[in-house]
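Student: Could we go through this structure together? I keep meeting labels and I'd like to know what earns them.

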Amino acid sequence: MVASELTQYVVTGLLVGGVYALMSIGLALIFGVMRVVNFAQGDFMMLGMYLTYYYAVVLGIDPLVGALVTIPPFFVVGLVLHRVFLARVTGGGDPNREMDAQLILTLGMSLIITNATTMILSPMPRAIRTAYATQAFAVGPLLLNQARTYAFFMALCLAAAVYVFLTRTDLGKALRAAADDPEAASYQGINVRAMHGVAFGVGIALVAAAGGLLATYYPIEPNVAVNFIVLMFVAVVLGGLGSIPGAFVGGLAIGLVQSLTLLVLPLQLQNVGVFVAFLLVLYVRPQGLFGRRARTV
Amino acid sequence: MSLLSRAVTLALALLLALPVVGPPPAVAVDDVKIALVVPLSGRWARQGQLKKMGAEMAIDEINAQGGIKALGGAKIVLREADAGDSVEKAVSAAQRVLTREKISAGIGSWLSSFTLGVTEVAERQQVPWLTLSYADNITERGFKYTFQTSPVSSAQAEQALDLVVELAKRNNQPIRKAALIGDNTAATVFFFKPLREKLLQAKGIELVVDEVWTPPLPDATSIVQKLRATQPDVVFYGATNFPDSIQVLQKVKEFGVKTHIQGVGAWLVTPEYVKTVGKELLDNIQAVVAAHPLKGQEELVKKFVQRTGEPFMTQDPLCSYAHVWLIKEAAEQAKSADPKAIRDALAKIDLTTGPAASTLSPGRIRFDERGRRIGAVPLIVQWQNGEPFTVVPVNLATRPVVWHK
Amino acid sequence: MPILAVVAVGFVLSFVVTERYHHRVLTLVFLWATMGLAWNIISGYAGQISFGHQAFFGIGAYVTVLLAAKLKLTPWLGMLGGVGVAVLAAVLIGTPTFRLAGIYFGLATLAYPLIFRIVMDYLGYQEVAIPMMREQPGLFMQFTEPRAFDLLALGILAATLVMSRLIETSRLGYSLRAIKENEQAAEAMGVDSFRCKMIAYMLSAAPAAVAGAVYAHAILFVVTPEAVFGVLVIVQTLTVCLVGGAGTLWGPIIGAAIMIPVSEILDTTMGDRLPGIQGVVYGAALMAVMMYAPEGLYWRVRSMLLGRTRRQVSAVRPVPAAAEVDAPAPTVPAAARPVLMDVRGISKAFLGLQALSDVSFDVREGEILGIIGPNGAGKTTLFNVLNGFLLPERGEVHWLGKSITGLQPHVVCRLGIGRTFQVMRLFPHLTVLENVMVGAFAHGGSPDHARASSLAALDLVGLADRADVVPTGLTTLDLRLMELARCLATRPRLILLDEPLAGLSTDGVELMAVMIRRARSAAVTVAIIEHTIHALVKLADRLVVLDQGRRLAEGLPGEVTRTPAVIEAYLGTRWLSRHGAPQHAEDLRP
């Protein structure tokens with residue numbers, strides 16, 4: 001195998017992984033702060049794709065920008081959904097019992113979103129026609145698809161912004177406090193319930209933005225989430241529950257593993273490589289790559 | 001519970017009490033009912049809706065012309081059932097629609113796994129069933145009530161290869177190297193198998209790329225990279241999952257790969273392709289299909305386009321259109337709406353006239369004892385300037401074929 | 001008895017229903033209820049939420065169908081093959097995966113069916129149509145009479161119900177629930193959690209495989225990887241269980257009996273004419289149920305019907321006077337009694353912090369040994385090493401002459417060393433009696449036997465009248481007594497009590513002291529951690545003092561409390577220089 005071929009595999013994997021990474025951060029935030037398994041995460045991504053499509057086709061806004069502009073409306077939607085539905089079954093007491101209820105609650109949400117979208121917007125696939133989806137940057141012997149490269153860098157920037165938000169701003173720190181130890185946080189005067197709402201809002205805003213970036217090269221239809229949802233969850237757990245950088249690395253890792261698996265396995269078994277790698281990592285590090293070890297007695 | 005939560009819960013509960021969305025339309029007792037079990041919601045809703053459009057058009061035509069004459073002008077009524085997105089739901093839909101009323105015949109279900117399950121139900125309920133699915137295994141089970149109007153995948157492979165080789169030779173660009181790229185769905189697998197195992201070799205063609213993936217495909221780079229490196233003369237292409245296919249085609253353009261793409265199946269010639277990748281990219285790509293508008297069907301296509309707003313007509317609505325007409329002919333010959341009688345009529349039918357026969361190339365409808373259409377041949381369809389046209393066989397073509405590399 | 005009623009209802013329904021399609025719905029209800037019950041064994045009872053149970057469902061389906069298609073083997077036998085492979089898979093999957101906790105476990109289990117799905121596609125089994133056997137249909141599980149499938153599915157459901165019931169009421173059931181509530185406490189009470197989880201997993205794989213096999217024949221007619229290994233299977237299982245209520249027999253039945261007919265009714269009435277609306281309404285229904293009854297319908301209805309009798313404790317009991325006959329002190333001095341536990345040179349570090357340095361002492365039979373020291377001295381860490389939760393870097397622990405260093409907590413417990421915890425580790429959803437029974441099971445025996453010895457232990461500590469109450473709402477004193485009783489039920493020779501007096505009033509402290517002395521007179525040696533000296537001075541025969549991980553002093557209480565080094569550790573050098581050595585231990589209150 002020539003070095004440039006190998007590099008091409010690595011680069012391809014990273015570019016794919018970048019968008020997985022952004023998709024996963026939102027989920028990780030929601031997981032980390034609320035302990036919610038959001039079944040509907042992929043469907044919010046799909047809605048983000050549709051909104052970006054609307055921006056592009058009706059308002060003429062380039063999807064790379066449009067993706068960013070999905071963030072404010074989705075943040076608000078997230079706050080509202082949390083307040084009306086999720087708050088009813090979370091933030092109460094026993095996290096074990098709560099997870100059960102949230103699973104089904106978000107599952108119900110997912111069904112409503114996909115089916116309503118199919119009925120209202122029709123199942124006909126749509127796409128944003130960008131010139132850069134079929135063009136590549138030639139970097140030496142390597143070919144980097146332009147759309148994916150732009151999406152990768154945007155994803156990186158957004159992830160960095162989230163990181164700064166969480167570590168430098170007061171709101172971000174309050175979020176992390178609420179994630180780490182809700183009881184202690186409430187003693188500090190942090191409104192944990194409100195923090196849950198913020199986390200949910202930011203979480204789905206991020207995945208909507210990821211959808212917008214994805215829409216620069218991927219067609220849009222109501223059931224698109226099904227192609228990504230499992231990978232999202234795998235990335236978050238691989239990175240370590242509750243760790244945002246972990247989820248990002250997890251997403252990149254999955255993209256990389258998917259690509260490099262082709263060096264050893266036939267194309268049909270590509271995702272087997274991902275799942276096997278996932279299991280191996282967890283067996284060696286049960287808390288995921290960046291997760292915190294469970295407390296001892 | 002806060003007031004807001006209470007209100008929301010009440011709204012949800014009311015939504016639950018929405019069971020009857022209008023009463024079902026009034027049906028005369030002696031109407032002939034045809035079941036249509038296709039995905040109408042979920043991942044494959046688009047395909048199911050296209051099939052429904054074709055069936056509805058045929059039914060309107062037939063009823064407008066006076067219905068089934070042998071049954072005193074009985075009208076045809078469509079009973080659609082949503083196959084959803086799982087085999088369980090598809091089989092439930094079939095079971096539901098076949099036990100609720102007396103169904104004379106049925107059509108469906110697009111996805112070959114759904115068709116396999118649905119035809120089992122039809123076989124047990126003894127209701128004749130028509131399908132456009134290509135997979136060989138559908139008519140290899142010894143069933144008496146299943147009728148497959150499309151040529152089977154393995155036969156298509158042989159015929160398509162002959163046609164392509166012929167075309168290439170006539171244009172002085174003989175085929176020496178071939179590529180097989182596609183997913184592992186049944187029809188594609190059945191098509192590629194004979195090519196891979198004997199047909200290509202028999203023609204002295206070297207198989208240079210053989211890449212099969214499990215949908216969804218994360219990235220097409222490795223596949224198209226191989227195409228670029230080996231420069232095959234023809235690529236047999238079976239990406240039935242729309243996003244996968246788009247990724248491959250975009251990558252082909254991105255890498256500047258120049259080759260002849262021969263799609264396997266009608267999924268490649270739908271309007272959404274034009275909207276997604278544009279007509280330049282699609283130009284000259286061909287597909288092997290079971291049915292496509294033929295010379296002489298211009299009126300039909302115009303009517304369809306006007307009715308539905310679709311930019312053109314493709315295999316799915318065309319086949320269900322033909323199937324409905326075929327059932328009508330069978331009912332006329334059987335002089336009965338009884339499913340067993342219709343089945344017997346279909347088994348011995350020999351139809352050369354009428355919309356059904358003119359749709360299903362080469363214009364004669366007869367079934368063998370397995371339920372396969374005797375003499376069924378595939379068509380080759382080509383994208384030209386943003387619309388797919390039948391190019392082979394030449395006598396039924398609506399446009400001449402364009403060949404370039 | 002209620003199981004019989006449910007089965008009878010199912011039976012009757014099967015005969016009352018006439019339409020073929022309705023039979024199918026009935027079959028679906030029974031099958032999904034079975035799958036839900038199977039899932040419930042590992043995820044409801046044991047609390048190990050699995051997202052990958054469809055692995056066994058799919059194995060059952062594929063093995064049975066492939067054996068029938070390729071070898072013409074009757075599915076009645078093929079099913080057994082499916083069960084065998086599924087149980088084997090459970091062992092192979094469970095062994096590495098039980099180390100993971102919570103959502104990590106759940107998603108790791110999901111990886112397996114996803115892998116199987118891809119592999120099945122790869123092997124060419126994307127669509128395995130079950131060949132129609134027109135002769136001998138019954139032999140191949142192909143019935144023309146739809147009722148036959150109902151009854152078959154009902155039979156499987158009944159068998160799974162019975163199995164679940166047996167588990168619930170057995171020792172395994174108690175152990176599983178203890179593991180779910182607090183795995184470490186369960187370990188300390190002698191529950192071999194790995195073994196219990198594995199058995200539960202194997203037991204849950206079998207009905208799942210059978211359900212998968214029947215599902216393939218009754219419902220699908222063609223087996224695809226998506227249909228039996230896909231996410232929709234686990235989604236349906238979760239829906240059925242969580243809507244109905246996890247952790248109980250009746251949950252999956254209620255869930256299946258409600259949600260499946262609702263889904264089918266929606267398909268029938270709206271779905272065909274307005275496709276997609278059935279998904280919206282079904283989703284709304286799920287949301288509504290979860291908002292109204294997040295714990296599941298069964299638990300919700302149950303708590304509504306039972307009112308609050310279980311939760312509330314009727315009246316706060318007055319602390320009984322400690323002036324009951326106190327056990328007399330033993331006559332033989334501690335130094336002369338045989339050594340039960342010999343702790344030699346234990347060192348333990350955490351991330352650079354040396355928690356314990358070369359700690360050595362011994363515990364003599366029949367004594368009450370007090371282990372004291374200021375906060376952060378390493379006392380609880382020491383107990384964690386003795387009890388098997390931590391492995392020391394250096395040093396050994398010998399029990400009755402044999403080394404027990406590094407043995408697992410449940411083994412240590414069964415060897416006769418019991419433990420209570422500084423932060424109380426209850427099983428909050430079990431009654432007081434059930435809490436104690438978990439301990440009683442450490443030495444085997446039937447549930448009845450365990451119940452009897454648990455009642456005896458509760459009697460010993462004076463909690464017999466609280467036996468059927470759930471611990472929330474009990475006073476700290478009662479909870480500590482319960483923990484003590486649970487510990488004593490494991491029939492230990494030595495108990496390690498970690499700050500049992502914390503949070504108690506003076507009366508409470510005295511009562512606990514009485515109980516501890518009672519335990520000692522019942523031939524149980526006691527090692528007790530406290531950080532306030534004055535409480536222990538009267539109770540303990542000997543004291544060991546730890547400070548910053550080192551053993552500072554060891555000896556009789558009177559001597560130790562006057563040792564300057566000890567005083568300095570507690571109160572500081574300045575206090576010592578100002579006040580000198582105290583006369584009475586009470587003065588050592590920091």
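Tutor: Sure, let's take the labels one by one; keep in mind that this is a predicted model.

Student: Let's start with P492(C). Why is P492(C) called buried?

Tutor: The cut-off is 20 or more other C-beta atoms within 10 Å. P492(C) has 25 of them, so buried is the right word.

Student: Where is P492(C) found?

Tutor: P492(C) sits in a loop of chain C, between α19 (476-489) and β9 (494-498).

Student: And which residues does P492(C) touch?

Tutor: Leaving out residues up to four places away in sequence, P492(C) touches G416(C), I417(C), G418(C), C487(C) and V524(C). A contact here asks for C-beta atoms within 7 Å. For contrast, take A227(C): its C-alpha atom is 52 Å from that of P492(C), and 265 residues separate the two along the chain.

Student: What about chain C as a whole?

Tutor: Chain C has 590 residues, and 57% of them count as buried. Its secondary structure adds up to 24 helices and twelve strands. The C-alpha trace spans about 100 × 50 × 40 Å along its principal axes. Look also at contacts between residues at least 6 apart in sequence: 73% of those in chain C join residues at least 24 apart.

Student: Now a helix, please. How do you know that the reach of α18(C) is close to the expected one?

Tutor: Helix α18 of chain C covers residues 447-461, which makes 15 residues. At 1.5 Å a residue you'd expect 21 Å, and the helix reaches 21 Å from its first C-alpha to its last.

Student: Which residues of α18(C) are buried?

Tutor: They are A450(C), S453(C), S454(C), A457(C), L458(C) and V461(C).

Student: What makes you say they're on the same side of α18(C)?

Tutor: They cover an arc of only 145° around the axis, so they share a side of α18(C). Here's the general idea: an α-helix has 3.6 residues a turn, so residues three or four places apart point the same way. The buried residues of α18(C) pack against α17 (432-440), α19 and α20 (506-521) of chain C. Just after α18(C) comes G462(C), with a positive phi near 85°.

Student: Over to chain A. Why is α12(A) called largely enclosed?

Tutor: Eleven of its 15 residues are buried, so the rest of the structure largely encloses α12(A). Among those buried residues are F275(A), F278(A) and L282(A).

Student: What covers the buried residues of α12(A)?

Tutor: The cover includes α10 and α11 (244-261) of chain A, β7 (206-213) of chain B and α5 (102-122) of chain C.

Student: How many residues meet where chain A touches chain C?

Tutor: There are 40 from chain A and 38 from chain C. On the side of chain A, α5(A) gives the most, with 17 residues. By class, that side has 28 nonpolar, nine polar and three charged residues.

Student: And how many for chain B with chain C?

Tutor: There, 36 residues of chain B are in contact with 39 residues of chain C. On the chain B side, α3(B) gives the most, with seven residues. That side has 15 nonpolar, 14 polar and seven charged residues.

Student: Let's stay in chain B. What makes β11(B) and β12(B) a pair?

Tutor: A pair needs at least two bridges. Five bridges join β11 (residues 379-384) to β12 of chain B, and the strands run antiparallel. One example is Q384(B), whose bridge partner in β12(B) is E387(B). The two strands form a hairpin with two residues between them, and N385(B) in the turn has a positive phi of about 55°.

Student: Why is β12(B) called largely enclosed?

Tutor: Five of its six residues are buried, so β12(B) is largely enclosed by the rest of the structure.

Student: One more: what domains does the assignment give for chain B?

Tutor: Domain 1 is 32-151 + 296-359, and domain 2 is 154-289 + 379-396. Their C-alpha centres lie 29 Å apart. The contact between them takes eleven residues from domain 1 of chain B and 13 residues from domain 2 of chain B.

Key
Residues are numbered from 1 along each chain as its sequence is written. Chains are lettered from A and ligands numbered from 1 in the order in which they are written. This is a predicted model: local features need pLDDT of at least 70, side-chain atom pairs count only at pLDDT 80 or more; totals for chains, interfaces and linings use all residues. Helices (H or I, at least four residues) and strands (E, at least two) are DSSP runs, numbered from the N terminus. A residue is buried if 20 or more other C-beta atoms lie within 10 Å of its own, exposed if 12 or fewer, and partly exposed in between; C-beta atoms are placed from the backbone. Two residues are in contact if their C-beta atoms, placed from the backbone, lie within 7 Å. Ala, Val, Leu, Ile, Met, Phe, Trp, Tyr, Cys and Pro count as nonpolar, Asp, Glu, Lys and Arg as charged, and the others, Gly among them, as polar. Domain bounds come from an automatic or database domain assignment. The expected span of a helix is 1.5 Å times one less than its number of residues. The arc is that of the directions from the helix axis to the C-beta atoms.
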